[in-house]
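User: Could you take a close look at one part of this model for me, the buried charges and whatever surrounds them? I'd like one connected walk-through rather than a list.

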Amino acid sequence: MVKIIIGVIAYLVLAPFVGGLLAGLERKLSAKMQRRVGPPVLQPFYDVAKLFEKEKMTPTKYQDYYIMGFVLFVVASGAIFFGGGDMLLVIFALTIGTACLILASYSSNSPYAEIGAERELLAMMAYEPMVLITVIGFYMYCGSFNVGDILAGGHKMAILPMIGIFIGWMFILTLKFRKSPFDLSMSHHAHQELVRGMTTEFVGRTMGFVEISHWYENVFLLGFVFLFFANGTPLGWVIGVVVAIIAYFFEVFIDNCFARMKWQFAFKSSWIVAVVVGMINIFVLYICF
């Protein structure tokens, strides 16, 4: 119980700072790739602070309720994960949170936001099969859906027996992080388009909460990368953290090297990856474990 409480509190307190710092380093790295100086590393924190100082303004009264639902479910999913809870519950909570964000976009009655919301629904349909395959793979290899049981050890690192699932997870992270070439519903970069998809009508404090939620979500998603290397030893923890950081900046590299693809390509490629590397890996786990 003490470990659960410590894990939850650590996530609630540290995740926004880690997520914001990663966002700042991402901007700096992207600027270097484009031969620019770039903003300070702490610029994401300055931007969010400025958003909270702006006048409160929403197109409809329902938008804020949906955004609060998005924030709560995203934070809850990460808290359950880092508290050692059930991975299925984690995925369901995150899915509900994304649904709340989609409803918030629809509620604004903006054509740009509605297009972004429709694209986010397509993105969900693209990555959800691989997400479920990842959870099932951990159950088949480790014998439990609980993150705490996986972290406790009693088994070797899952990276080799689940290498196909790991590749599939890395593929859909591009969709989950909303990076090019799969930033279909919204973009974190101004150079992509003049209208920012789902977040077109989010301003001030509302947009500030969305940004903080993305920081929470990014740290939580990287937690799954860490889980592939967790084996109950300090060495496994160190390797897992290092690989998770490398994975994030690998996604930044991909983001700066590719233009946006059509949603058809994102949908087909995600399902192909899930069926080929994911399902084959599941079959191997079934035979060998």
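Analyst: Let's start with Glu26 and Lys179, which pair up in a salt bridge whose closest N and O atoms sit 2.3 Å apart. This is a predicted model, so take that distance as a computed one. The two partners come from distant parts of the chain, 153 residues apart: Glu26 belongs to helix α1 (residues 2-33), while Lys179 is in the loop between α7 (163-176) and α8 (204-227). Are these two charged residues buried or exposed? Glu26 counts as buried because its relative accessibility is 6%, under the 20% cut-off. Lys179 has 3% relative accessibility, so it counts as buried too. As general background, side chains of opposite charge can pair when their charged atoms come close.

Now step back one residue in that loop, to Arg178. It forms a salt bridge with Glu120, with the closest N and O atoms 3.0 Å apart. Glu120 is in helix α5 (residues 111-142) and Arg178 in the loop between α7 and α8, so this pair ties together parts that are 58 residues apart in sequence. Glu120 and Arg178 are both buried.

Arg178 has another acidic partner, Glu217, and their side chains meet in a salt bridge at 3.8 Å, N to O. That value still falls within the 4 Å limit used for salt bridges. Here the link runs from Glu217 in helix α8 to Arg178 in the loop between α7 and α8, with 39 residues separating them in sequence. Glu217 is buried, like Arg178. Through shared partners, Glu120, Arg178 and Glu217 end up joined in one network. For the wider tally, the structure holds five salt bridges.

The backbone around here is worth a look as well. Most residues other than glycine have a negative phi, and most peptide bonds are trans. Arg178 goes against the first habit: it is not a glycine, yet its phi is positive, about 60°. With a relative accessible area of 6%, Arg178 counts as buried because that is under 20%. A little further along, the peptide bond from Ser180 to Pro181 is cis, with omega near 10°. Pro181 is also in the loop between α7 and α8.

For a contrast in setting, take Arg35, another non-glycine residue with a positive phi of about 60°. Arg35 lies in the loop between α1 and α2 (43-53). Its relative accessibility is 83%, so Arg35 counts as exposed.

Back to the region after α7, and on to what touches it. Ser269, in helix α10 (residues 263-288), is in contact with Phe171 and Phe182, leaving aside neighbours within four places in sequence. Ser269 is buried because its relative accessible area is 11%. Its side chain also reaches the backbone oxygen of Ala266, at 3.2 Å.

Further along helix α10 comes Asn281. Asn281 has 6% relative accessibility, so it counts as buried. What does Asn281 contact, once neighbours within four places in sequence are left out? The answer is a run of residues: Pro161, Met162, Ile163, Gly164 and Ile165. Two polar contacts from its side chain go to backbone atoms there: one reaches the oxygen of Pro161 at 2.8 Å, and the other reaches the nitrogen of Gly164 at 2.9 Å. Over a different stretch, Asn281 and Glu251 are 30 residues apart in sequence and 23 Å apart in space, C-alpha to C-alpha.

Helix α10 also has an outward side. Phe283 is found in this helix, and it is exposed because its relative accessible area is 52%. Phe283 helps make a nonpolar surface patch of about 1000 Å², along with residues including Trp271, Ile272, Val275, Val276 and Met279. Ile280, Val284, Tyr286 and Ile287 are also among the residues in that patch.

One last check, on covalent cross-links: a search of the whole structure finds zero disulfides. Cys142 is in none, and its nearest cysteine sulfur, that of Cys288, is 15 Å away. That is no match for the 2.5 Å cut-off, so the pair does not count as a disulfide. Cys288 itself is exposed because its relative accessible area is 52%.

Methods: Residues numbered from 1 in each chain as written. Predicted model: local features only at pLDDT ≥ 70, side-chain atom pairs only at ≥ 80, totals over all residues. Heavy atoms only, no water. Helix = DSSP H or I, 4+ residues; strand = E, 2+ residues; numbered from the N terminus. Buried < 20%, exposed > 50% of the residue type's maximum accessible area, 1.4 Å probe, protein only. Polar contact = N/O pair within 3.5 Å; in protein donor to acceptor, adjacent residues only side chain to side chain. Contact = heavy atoms within 4.5 Å. Patch = residues over 30% accessible without salt bridge, like charges linked within 9 Å, V, L, I, M, F, W, Y side chains within 5 Å. Areas by Shrake-Rupley, 256 points an atom, 1.4 Å probe, with all protein chains shown as cover.
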